[in-house]
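Work through the exercises below with the sequence and the coordinates open beside you. Each task is followed by a solution that goes step by step.

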Amino acid sequence: MTICSTLLPRETARKIQILGKIILDGSKTPFQIAAVPGQRHPDKTTLSVYLPRTLMQRLRRLAGDRGETVTTVIESMVTAQTRAVVLTPEDYEQIARETRAALGKGTTKRRS
């Protein structure tokens with residue numbers, strides 16, 4: 001099996017959790033701050049799944065044929081499958097809390 005990691009918007013990751021088909025490991029979320037090149041947006045989270053090597057190769061081939069990254073292909077598929085899932089106000093509040101927490105990571109308070 002192969003691990004396939006991809007970064008997803010929190011809203012998409014939350015929809016996946018609601019469906020209960022994929023378990024998300026939030027402990028491996030690489031939150032970073034500021035708009036520095038190479039750093040992830042704080043509104044994204046990591047999704048890791050184990051795939052059979054044949055399926056992973058098919059995914060790579062599909063991405064190559066489309067001229068996209070594996071992440072882009074997975075994100076578009078997940079988005080299409082979760083489009084009808086409606087989030088509650090509580091879901092959006094949780095997303096906002098997680099995003100604020102992600103923005104706070106890696107920052108240090110200045111002493112005056």
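The exercises go from the whole chain to its helices, its core and its charged pair.

The model is predicted, so local features need pLDDT of at least 70 and side-chain atom pairs count only at pLDDT 80 or more, whereas totals for chains, interfaces and linings use all residues. Residues are numbered from 1 along each chain as its sequence is written, and side-chain values use heavy atoms, with hydrogens and water left out.

**Exercise 1. Describe the protein chain as a whole.**

Begin with secondary structure, where helices (H or I, at least four residues) and strands (E, at least two) are DSSP runs numbered from the N terminus. The protein chain has 4 helices and 2 strands, and their order along the sequence is β-α-β-α-α-α. Next, take burial, for which buried means under 20% relative accessible area, exposed over 50% and partly exposed in between, with a 1.4 Å probe and protein chains only. On that scale, 29% of the 112 residues are buried. Finally, consider contacts, meaning heavy atoms within 4.5 Å: of those with a separation of 6 or more, 71% join residues 24 or more positions apart.

**Exercise 2. Compare the length of helix 4 with its expected span, and locate its buried and exposed residues.**

The expected span is 1.5 Å times one less than the number of residues. For the 16 residues of helix 4 (residues 89-104) this gives 22 Å, and the end C-alpha atoms, 23 Å apart, agree with it. The buried residues of helix 4 are D91, I95, T99 and A102. Seen down the axis, they fall within an arc of 70° (the arc of the directions from the helix axis to the C-beta atoms), so they line one face of helix 4. The face turned away from this buried side carries the exposed residues P89, E90 and R100.

**Exercise 3. Carry out the analysis for helix 2.**

Helix 2 has 14 residues and reaches 20 Å between its first and last C-alpha atoms, close to the expected 20 Å. Its buried residues are M56, L59 and A63. These cover an arc of only 55° around the axis, which puts them on the same side of helix 2. The face turned away from that side carries the exposed residues T54, R58, R61, G64 and D65. After helix 2 comes G67, whose phi is positive, near 75°.

**Exercise 4. Which elements give two or more residues to the largest nonpolar core?**

A nonpolar core is a set of buried Ala, Val, Leu, Ile, Met, Phe, Trp, Tyr and Cys residues joined through side-chain atoms within 4.5 Å. The largest has 11 residues: L8, L47, V49, L51, M56, L59, A63, V70, V73, I74 and V78. Strand 2 (44-51), helix 2 (53-66) and helix 3 (70-82) each give two or more of them, and helix 3 gives the most, with 4. As a further step, take L62 of helix 2, which is partly exposed at 28% relative accessible area. Leaving aside residues up to four places away in sequence, L62 touches V73 and M77.

**Exercise 5. Find the salt bridge and state how exposed its partners are.**

The criterion is a side-chain nitrogen of Lys or Arg within 4 Å of a carboxyl oxygen of Asp or Glu. A search of the whole structure finds 1 salt bridge, formed by R66 and E68 with their closest N and O atoms 3.7 Å apart. R66 is partly exposed at 43% relative accessibility, and E68 is partly exposed at 34%.
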